[in-house]
Amino acid sequence: MSSAWESLTVDARDPARLARWWAEALGYQVVNEQPDEVEIRRSADHLPGVVFVPVADDKTTKNRLHIDLRPDDQEAEVERLVDMGARHVDVGQGDLGWTVLADPEGNEFCVLRQRED
């Protein structure tokens, strides 16, 4: 017996706004929007999705799970995401070759360097 990865769920103060931000950041699309849930995916038939659900409280501590992005051009992608509303954050990572950003609601994610294959 095994399981298939269906989705990653993100708590959000404004699920629709945050879902649209991440859809733009990832090149995804909104595939379902309800008052209690907004889901984005690469395409409607492509899993996993990212589901945003409403919560009443703000994020207060460092994420225990986060997304890593690996763009073709790290510097350009960091600039694009910051222009979209992300901000640089320090979670104690030091200078390790990736950049830690936070989305508009404060959820940390990493932008990695290009792969050196």
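**Group meeting: a walk through a predicted model**

Hi everyone. Let's begin with overall size: for 117 residues, a compact globule would have a radius of gyration near 13 Å, and the protein chain comes out at 15 Å, which agrees. Please keep in mind that this is a predicted model. Taken along the principal axes, the C-alpha atoms fill a box of roughly 40 × 35 × 35 Å.

Now the layout. The protein chain has two helices and eight strands. If you follow along from the N terminus, the elements go β-α-β-β-β-β-α-β-β-β. Looking at contacts between residues at least 6 apart in sequence, 51% join residues at least 24 apart. As for burial, 37% of the 117 residues count as buried. The accessible surface of the protein chain is about 7,700 Å², and carbon and sulfur atoms account for 45% of that. On charge, there are 13 positive and 25 negative ones, and their mean positions lie 3 Å apart.

Let's zoom in, starting with the loop between β1 (7-12) and α1, where you will find Arg13. Is Arg13 buried or exposed? Neither label fits, because its relative accessibility is 46%, and that counts as partly exposed. Which residues does Arg13 touch, once we set aside those up to four places away in sequence? They are Val55, Ala56, Asp57, Asp58 and Glu105. Take Asp58 from that list: Arg13 and Asp58 are 45 residues apart along the chain, yet their C-alpha atoms are separated by 6.8 Å.

Moving on to helix α1, this one covers residues 15-26, twelve residues in total. From its first C-alpha to its last, α1 reaches 16 Å, close to the 16 Å expected at 1.5 Å a residue. Several α1 residues are buried, namely Pro15, Leu18, Ala19, Trp21, Trp22, Ala23 and Ala25. After α1 comes Gly27, with a positive phi near 75°.

Next, strand β2, residues 29-34, which holds Asn32. Asn32 has a relative accessible area of 23%, so it is partly exposed. Beyond its neighbours within four places in sequence, Asn32 is in contact with Glu37, Val38 and Glu39. Asn32 and Ala44, twelve residues apart in sequence, have C-alpha atoms 8.9 Å apart in space.

Those three contacts of Asn32 come up again when we turn to Val51, in strand β4 (residues 49-54). Leaving out neighbours within four places in sequence, Val51 contacts Glu37, Val38 and Glu39, and also Ser7, Leu8, Thr9 and Val10. Why does Val51 count as buried? Because its relative accessibility is 7%, and the cut-off for buried is under 20%. For a contrast in distance, pick Glu75: Val51 and Glu75 are 24 residues apart in sequence, and 28 Å apart in space from C-alpha to C-alpha.

One last stop, just ahead of β4. Where does Pro48 sit? In the loop between β3 (37-41) and β4. Do have a look at the backbone there: the peptide bond from Leu47 to Pro48 is cis, with omega near 5°. As background, most peptide bonds are trans.

That's my tour. If you open the model afterwards, I'd suggest two places to look: Arg13 with its contacts, including Asp58 and Glu105, and the cis bond from Leu47 to Pro48. Thanks for listening!

Definitions and conventions:
Residues numbered from 1 in each chain as written. Predicted model: local features only at pLDDT ≥ 70, side-chain atom pairs only at ≥ 80, totals over all residues. Heavy atoms only, no water. Helix = DSSP H or I, 4+ residues; strand = E, 2+ residues; numbered from the N terminus. Expected span 1.5 Å × (residues − 1). Buried < 20%, exposed > 50% of the residue type's maximum accessible area, 1.4 Å probe, protein only. Rg over C-alpha atoms; globule rule 2.2 N^0.38 Å. Contact = heavy atoms within 4.5 Å. Areas by Shrake-Rupley, 256 points an atom, 1.4 Å probe, with all protein chains shown as cover. Lys, Arg positive; Asp, Glu negative; His and termini not counted. Charge placed at Lys NZ, Arg CZ, Asp CG, Glu CD.
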